[in-house]
Amino acid sequence: MLWPLQYSLHYMGFSVLPPFISFGVQGHGYCYEGADSLKKRLAQNLDEWRCHLGDIGRAEPLVFPGWSDWDEDGRALDLKG
């Protein structure tokens, strides 16, 4: 679901860094685990977010297809070999 947004940013000239993804965030009345388990997991997510931000200066931008990756008929070239 992020690819259209990421590719649009790339198309406009931005360097797009890999996203930080946090699974299982609850809210709006949805709950599928106990409060203690949720608190522990969200604390771990925050620690991982801090690490992600601390390493952001070394993150490699995502790679997107360029014009040279397509033939004159608009077909993707075989980039494997």
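User: How accessible is Tyr7, and is it buried, partly exposed or exposed?
Analyst: In this predicted model, Tyr7 counts as partly exposed, because its relative accessibility is 26% and the partly exposed class runs between 20% and 50%.

User: Which aromatic residue does Tyr7 pair with, and in what geometry?
Analyst: A search of the whole structure finds three aromatic pairs. Trp3 and Tyr7 form a stacked one, with 4.8 Å from centre to centre and 20° between the planes. Both residues lie in helix H1, which covers residues 3-11, and they sit four residues apart, about one turn of the helix.

User: Which residue joins Trp3 and Tyr7 in an aromatic cluster?
Analyst: Phe64 does, so to speak, complete the group, since Trp3, Tyr7 and Phe64 form one aromatic cluster.

User: OK, zooming out. How many helices and strands are there?
Analyst: The protein has two helices and zero strands. Its radius of gyration is 19 Å, well over the 12 Å that the globule rule gives for 81 residues, so the protein is more spread out than a compact globule. Along the principal axes, the C-alpha trace spans about 60 × 30 × 30 Å.

User: And what share of the residues is buried?
Analyst: Buried residues make up 11% of the 81 residues, while the accessible surface comes to about 7,300 Å², of which 62% belongs to carbon and sulfur atoms.

User: Which residues form a nonpolar patch on the surface?
Analyst: Leu17, Leu46, Trp49, Leu53 and Ile56 form such a patch, with about 410 Å² of accessible area together. One of them, Leu46, is placed in helix H2, residues 35-54, and counts as partly exposed because its relative accessibility is 47%.

User: Switching to charges, how many salt bridges does the structure hold?
Analyst: There are five salt bridges. Among them is the one between Glu33 and Arg41, whose closest N and O atoms are 2.3 Å apart.

User: Is Glu33 buried or exposed?
Analyst: Glu33 is buried, because its relative accessible area is 17%, and the cut-off for buried is under 20%.

User: What about Asp55, which residue does that one bridge to?
Analyst: Asp55 forms a salt bridge with Arg58, the closest N and O atoms being 2.4 Å apart. Asp55 counts as partly exposed at 39% relative accessibility, whereas Arg58, at 62%, counts as exposed.

User: Which residues are joined into one network by shared salt-bridge partners?
Analyst: Arg75 forms a salt bridge with Asp71, with the closest N and O atoms 3.1 Å apart, and salt bridges that share partners join Asp71, Asp73 and Arg75 into one network.

Conventions. Residues are numbered from 1 along each chain as its sequence is written. This is a predicted model: local features need pLDDT of at least 70, side-chain atom pairs count only at pLDDT 80 or more; totals for chains, interfaces and linings use all residues. Side-chain values use heavy atoms; hydrogens and water are left out. Patches are made of residues with over 30% relative accessible area and no salt bridge: like charges are joined within 9 Å, nonpolar side chains (Val, Leu, Ile, Met, Phe, Trp, Tyr) within 5 Å. Accessible areas come from the Shrake-Rupley method with a 1.4 Å probe; for residues, only the protein chains shown count as cover. A salt bridge is a side-chain nitrogen of Lys or Arg within 4 Å of a carboxyl oxygen of Asp or Glu. Buried means under 20% relative accessible area, exposed over 50%, partly exposed in between (1.4 Å probe, protein chains only). The radius of gyration is taken over C-alpha atoms; the globule rule is 2.2 Å times the number of residues to the power 0.38. Rings of Phe, Tyr and Trp (its six-membered ring) pair if their centres lie within 6.5 Å; planes under 30 degrees apart count as stacked, over 60 as edge-to-face and the rest as tilted.
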